[in-house]
Amino acid sequence: MNILVINAGSSSLKYQLLNPDTGDLLAKGLCERIGIDGKFTYKPQLEGKETLNAVDVAMPTHSEAIQAVLDALVDEKNGVIGSMKEIDAVGHRVVHGGEAFNKSVLITDEVLKAIEDCIPLAPLHNPANLTGIRACQKVMPGVPMVAVFDTAFHQTMPPKAYMYALPYAYYENDKVRRYGFHGTSHKYVAGRAAAMLGKAPEELKLISCHLGNGSSIAAVDCGKSVDTSMGFTPLAGLPMGTRAGDLDAGILQYLMNKYGMNIDEMLNVLNKKSGVEGLSCVSSDFRDLETAAAEGNEKAALAEQKFAYEVKKYVGAYAAAMGGVDAIIFTAGVGENDAGVRAMVCEGLEYMGVKLDAEANKQRGKELVLSAADSAVKVLLIPTNEELMIAKDTAAIVG
């Protein structure tokens, strides 16, 4: 079975063609500047096939972008499949499913309407996701399509975890609650952790740390998300590349009044000028922070320390919430590659039974047990693969 995975943005479209049964990646790429001057990248993963890097392709709409993808996949010289019939289904990443979706679903007119209803919760993302779905339906009529939601995995959270201490009417009338994101990544690494530990997901209490430019932590108890750090929006939780994370809302009023900012200007600061970039005055890239800190930049060192400290606090909180933890998972760009951050997070957690193997922690980018043999709590490095998770969910839906 071959699944085409689509992640559509407002002017871009990422794609992968995968076999969910074997995990084999056949091709991947990116359509950029859709509606402008169209740049197309195609990277077949089969030997002897030619890569196309940002070549000019007319893409006035997402439909032309999808057609360019399909043309490349079946190209006589550089294609990876013989015909369109070899694409069994399409899995679409959809950012927000609200409370309507707690799992991936086959796309119908009713599902499209429900995704539209969630646009106020994700005004920048859901419209683009819908555009990608409709473009695929136009170009690939009759091919089953599945929506895989970033928020769905967290729909198992209990009310005590997802409710805010606001007037209840804001939840009833406006759906203000914690939703969480990165659900596909947390679901994937939780499954891999169970396989690595040789146990069923139902036997494990896991803390999944998806650490990158966008970061979130999830408490996964018996295979289900019971809490997560991101909230009503992805702005909540950890400090990130440029996002502030959790802070006292009174700060907004104070700064807005002092500097004459409106709420949109304030949110721009919180989303795009804060996080480790704002604190360090150096960069949102943790590699730059590491270099600057090594050269004696105190603000860069502080940004690293602040980030790791907040991760550590969530680890402790989620261990308490679940009544223990069997394994801590590090994943995503920083989690997979930054040994220094991992060490700072684990330092001081010995009382919980966490004992990091310093030599193993030097590794990066591959599945590995990072904890010492006598560590009561396992520490795992697991590269995330959201596209494969989308493909597997899609295959499970279409059979």
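Q: What is the accessible surface of the protein, and how much of it belongs to carbon and sulfur atoms?
A: In this predicted model, the accessible surface comes to about 18,200 Å². Carbon and sulfur atoms account for 51% of that surface.

Q: Why does the radius of gyration of the protein agree with that of a compact globule?
A: For 399 residues, a compact globule would have a radius of gyration near 21 Å. The protein has 22 Å, and therefore the two agree. Along the principal axes, the C-alpha trace spans about 60 × 55 × 45 Å.

Q: What share of the residues in the protein is buried?
A: Buried residues make up 49% of the 399 residues. The term applies to a residue with under 20% relative accessible area.

Q: How many helices and strands does the protein have?
A: There are 14 helices and 14 strands in the protein. Among contacts between residues at least 6 apart in sequence, 60% join residues at least 24 apart.

Q: Why is Cys-136 not bonded to the closest cysteine sulfur?
A: A disulfide requires two cysteine sulfur atoms within 2.5 Å. The closest cysteine sulfur to that of Cys-136 belongs to Cys-31 and is 10 Å away, which is too far, so there is no bond between them. Cys-346 is likewise in no disulfide, since the nearest cysteine sulfur, that of Cys-209, is 8.3 Å away. By this rule, the count for the protein comes to 0 disulfides.

Q: What makes Cys-136 and Cys-346 count as buried?
A: The cut-off is a relative accessible area under 20%. Cys-136 has 0% and Cys-346 has 2%, so both are buried.

Q: What is notable about the phi of His-182?
A: Most residues other than glycine have a negative phi. His-182 is not a glycine, yet it has a positive phi of about 60°. This residue lies in the loop between helix 5 (169-174) and helix 6 (183-197).

Q: Is His-182 buried or exposed, and how do you know?
A: His-182 has a relative accessible area of 16%. This value is under 20%, so His-182 is buried.

Q: Where is Cys-281 found, and what is its phi?
A: Cys-281 is found in the loop between helix 9 (275-280) and helix 10 (286-294). Its phi is near 60°, a positive value in a residue other than glycine.

Q: Why is Cys-281 called exposed?
A: A residue is exposed when its relative accessible area is over 50%. Cys-281 has 58% relative accessibility, and therefore counts as exposed.

Key. Residues numbered from 1 in each chain as written. Predicted model: local features only at pLDDT ≥ 70, side-chain atom pairs only at ≥ 80, totals over all residues. Heavy atoms only, no water. Helix = DSSP H or I, 4+ residues; strand = E, 2+ residues; numbered from the N terminus. Rg over C-alpha atoms; globule rule 2.2 N^0.38 Å. Buried < 20%, exposed > 50% of the residue type's maximum accessible area, 1.4 Å probe, protein only. Contact = heavy atoms within 4.5 Å. Areas by Shrake-Rupley, 256 points an atom, 1.4 Å probe, with all protein chains shown as cover.
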